[in-house]
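Welcome to a short set of worked exercises. Keep the viewer open, try each task yourself, and then read through the solution.

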Amino acid sequence: MTRNTKPDFYALSWRLPIIIWQALFFLGPIVFMIAMSFFLVKNYRMTEAFEFVNWGRMMTRGYFWDSYWHTIWIASLSTLCGMLIAFPVAYTLAFRASENTRRMAIFLLIIPFFTSYLVRTFSWFVILSESGVLNAMLGWVGLGPYTMLNTTFGTLVGYMTLTLPLVVILQTLAMANIDRSLVEAAHNLGCKPLQTIWRVILPLAKTGMIVAAVFCFILSFGDFVAPFYLGGSQDPTLPILIIDTTKSGQQWPRAAVVAIMMMLTLFAVAFAGIALAYRKRAMS
Amino acid sequence: MGNNTKTTGALTRRHLMQVGGGALLSAPFVSRAWAQTTDINVLAWYGHAEPDMVAEFEAANNVRFVPKYYAGGDNMLALIAQSPPGTYDLILSDGEFVQQLNAAGYIQEMEAADYPFDDMLHEDFTKFPGHWADGKLYSMILRGGHLGVSYNRNAMSEEEASSYDGFWKPELAGKVGHFDWHLPSLGMMSLKNGNGASLFDLTDDQWQAVQDTTMSLRPQVGGYFDYGGTFNGLKNGEMQAMCGIGDWITGVLERDGAPVASVIPKEGGIQWTESYSIGVETEKADICKQFIQYMLSPEGQVKSAQMLAYPGFCVTKAGRAMLNEVDMAEAERTGQVDGMADDPITLIREGRIHYRDVPKQQTLEDWNDFWSEYKNA
């Protein structure tokens with residue numbers, strides 16, 4: 001059988017818009033950002049150059065690595081919290097709720113995306129401040145007041161505001177697609193509920209779960225709003241470092257170095273997640 | 001009656017036709033009149049082109065201010081550097097950045113005789129550093145404000161706030177906030193170290209000592225904030241003391257009834273100064289000049305002192321006199337009454353105030369690098 005090597009212009013014409021889109025708005029900016037990391041700033045104006053001075057400077061600064069590891073740590077913590085908090089909700093929606101309830105719940109989970117994340121973040125001030133709603137309620141039972149704003153806890157609350165609805169949706173969809181007869185079979189064969197979750201549901205929903213975790217990590221890793229406004233910059237993450245770098249002396253090339261390091265990290269996490277999600281499936 | 005109604009109806013239709021036709025025919029003239037409104041592109045800190053500041057001038061001169069707001073001198077210089085020449089007609093700048101605007105050729109020479117130099121409240125304002133070059137004027141001082149210790153009255157006494165040592169008060173652990181800009185905060189640490197007038201002109205040893213002092217404050221720090229965050233932190237009581245700000249933020253909260261204040265500590269305070277310059281390639285230099293004259297008139301100075309976004313003190317005697325006349329409460333709150341102990345002009349005369357500047361012996365990058373280290377510590 002010979003392969004037809006003649007280009008299919010009809011098929012290509014359908015693919016072309018997305019290729020152009022990606023080239024213009026994804027590949028192009030990345031190439032420019034990489035080039036920019038070698039530029040120099042003179043008198044607050046970027047000048048084209050090919051110098052490694054920005055890379056040399058940022059890579060040798062202790063505060064860059066402190067921010068880097070801190071960002072990885074807090075994004076990982078956010079992922080862990082998000083996955084754990086979302087799981088009972090997603091499990092209930094997938095296995096206990098009716099089709100209608102599940103549909104309505106997913107619709108309600110989408111609604112937060114209709115509103116500005118910044119506005120939702122600011123609304124936490126009213127709830128988390130020392131004179132806020134939460135401390136007032138704790139005060140009724142003789143607890144507090146606790147400092148929640150400008151802490152890592154505040155940052156995590158912000159991350160959850162950003163990621164939790166999406167994580168619940170992804171987990172729910174992952175579990176809703178599991179063949180229920182397999183879960184019932186596990187019960188019939190004497191598997192306890194927690195064992196069923198661990199040995200049947202999680203392996204079957206693995207791909208969706210990993211996708212949810214990767215999304216949670218990516219969104220938290222790149223978020224500026226939560227650590228700045230709810231964490232009070234006490235968690236100087238890489239997005240905050242980018243802002244600081246551009247603010248003083250307009251060092252966009254150095255900010256580009258930080259951004260490239262962030263992208264490389266996120267690519268690594270995403271590829272590792274994909275490899276983990278599909279590894280066993282490929283083997284089986 | 002019926003006839004009347006009919007007649008009225010017919011007249012109404014005719015009237016409508018007349019009015020409609022008239023409106024249609026006059027539309028080009030309305031449009032032309034509208035088109036004559038001159039846009040003034042202004043680069044400024046937030047608030048300077050808001051209605052409370054410019055609406056009267058706009059109405060009187062058929063102009064419209066089109067603002068581009070920035071936060072910080074670096075940001076301002078970058079916006080100009082990255083824009084085509086002539087983009088901005090009017091530029092409001094922090095005093096210490098005028099020299100760089102001039103060196104880069106972004107602003108044009110101004111005629112000193114056009115402005116009320118003989119009415120200045122302090123002689124420094126007539127020859128403000130960097131505003132003149134080779135005897136030529138390039139920027140006109142508009143207003144100023146002082147930075148010191150800002151605090152919540154329920155958490156600190158005025159006496160405790162009267163020294164930068166107050167930031168280290170054990171009860172304030174985790175409750176001291178920083179305005180997230182290294183210049184004012186590190187300037188204050190330099191004052192605490194006794195560097196006085198040379199607070200920005202530090203030898204290596206002095207710079208190291210400033211870094212050490214700043215680092216020792218880190219356990220007290222509860223956050224680093226922009227304008228909104230600083231405002232919220234003080235308002236909701238999360239932050240009980242703030243380093244790097246002054247009455248330009250607490251004044252707005254104080255007007256709103258919050259128990260906050262700013263004082264100039266015994267080690268000294270820092271002055272921020274705002275000045276207007278005219279863009280070098282603008283074709284609207286005349287109207288820009290008129291606006292600067294308006295802002296330096298007594299009415300303009302009062303508007304500046306009462307500015308909704310953030311207050312600043314008057315620099316002209318006539319401006320202060322009018323403020324005393326029309327808004328004594330604000331004048332007293334800010335010490336702008338002759339003879340008051342916290343009169344900003346008296347504080348300058350007593351040598352307790354130092355003009356904000358850029359580092360002299362280090363680069364801005366050195367200071368910024370340390371600021372990032374400090375935040376990560």
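Which residue of β8(B) stands opposite F179(B)?

**Exercise 1. Place strand β7 of chain B among its neighbours.**

Solution. Remember throughout that this is a predicted model.

- Step 1: look across from F179(B), and you find F225(B) in β8(B).
- Step 2: extend that view to the strands themselves. β7(B) covers residues 176-179, and four bridges tie it to β8(B), residues 221-225, in a parallel arrangement.
- Step 3: turn to β9(B), residues 241-246, which is also parallel to β7(B) and shares three bridges with it. Here G177(B) has M242(B) as its bridge partner.
- Step 4: check the faces. V176(B) and H178(B) lie on one side, G177(B) and F179(B) on the other, and all of them are buried, so both faces of the strand are covered.

**Exercise 2. Decide whether strand β11 of chain B is enclosed or open, and list its partners.**

Solution.

- Step 1: count the buried residues. For β11(B), residues 269-278, the count is 10 of 10, so the strand is largely enclosed by the rest of the structure.
- Step 2: sort the residues by direction. G269(B), Q271(B), T273(B), S275(B) and S277(B) point one way, while I270(B), W272(B), E274(B), Y276(B) and I278(B) point the other way; all are buried.
- Step 3: find the antiparallel partners. β3(B), residues 90-94, pairs with β11(B) over five bridges in the antiparallel sense, and D94(B) is matched with E274(B). β6(B), residues 140-152, also runs antiparallel to β11(B), with seven bridges; G145(B) is matched with W272(B).
- Step 4: find the parallel partner. β12(B), residues 353-355, pairs with β11(B) over three bridges in the parallel sense, and Q271(B) has Y355(B) as its bridge partner.

**Exercise 3. Compare the surroundings of two threonines in chain A.**

Solution.

- Step 1: locate them. T79(A) belongs to helix α3(A), and T196(A) to helix α9(A), residues 193-204.
- Step 2: classify their exposure. The cut-off for buried is under 20% relative accessible area. T79(A) has 10% and therefore counts as buried; T196(A) has 1% and is buried as well.
- Step 3: list the contacts beyond four places in sequence. T79(A) touches A213(A), C216(A) and F217(A). The corresponding list for T196(A) is V183(A), A186(A), H187(A), C191(A) and I201(A).
- Step 4: inspect the polar atoms around T79(A). A polar atom of its side chain lies 2.7 Å from the backbone oxygen of A75(A), and the side chain of T79(A) also reaches the backbone nitrogen of F217(A) at 3.5 Å.

**Exercise 4. Describe the interface between chains A and B.**

Solution.

- Step 1: begin with the extent. Chain A contributes 33 residues to the contact and chain B 31 residues. The buried area is about 2,700 Å², with 39% of it from carbon and sulfur atoms.
- Step 2: find the main contributors on chain A. Y44(A), Y63(A) and Q234(A) supply 24% of the area that chain A buries against chain B, more than any other three residues.
- Step 3: count the polar links. The interface holds five salt bridges, one of them between the side chains of R57(A) and D369(B), at 2.4 Å from N to O. There are 14 residue pairs in polar contact, with both residues at pLDDT 80 or more.
- Step 4: assign the side of chain A to its elements. Those giving two or more residues are α3, α5, α11, α12 and α13 of chain A. The largest share, four residues, comes from α12(A).

**Exercise 5. Characterise P298(B), then ask how confident the prediction is for chain B.**

Solution.

- Step 1: place the residue. P298(B) sits in helix α11(B), residues 298-305, and is partly exposed, with a relative accessible area of 26%.
- Step 2: find what lies around it. Beyond four places in sequence, P298(B) contacts A318(B), G319(B) and M322(B). A321(B) is 23 residues away from P298(B) in sequence, with 7.9 Å between their C-alpha atoms.
- Step 3: read the confidence. Chain B has a mean pLDDT of 91, and 91% of its residues reach 70 or more. Residues 1-11 of chain B have pLDDT below 50, and this stretch has one contact in the model beyond near neighbours in sequence.

Technical notes. Residues are numbered from 1 along each chain as its sequence is written. Chains are lettered from A and ligands numbered from 1 in the order in which they are written. Side-chain values use heavy atoms; hydrogens and water are left out. Buried means under 20% relative accessible area, exposed over 50%, partly exposed in between (1.4 Å probe, protein chains only). Two strands pair if DSSP finds at least two bridges between them. Contact means heavy atoms within 4.5 Å. pLDDT is the predictor's confidence in each residue, from 0 to 100. Buried area is the accessible area (1.4 Å probe) that two parts lose on being put together, summed over both. A salt bridge is a side-chain nitrogen of Lys or Arg within 4 Å of a carboxyl oxygen of Asp or Glu. A polar contact is a pair of N or O atoms within 3.5 Å; within protein, one must be able to donate a hydrogen and the other to accept it, and residues adjacent in sequence count only if both atoms are side-chain atoms.
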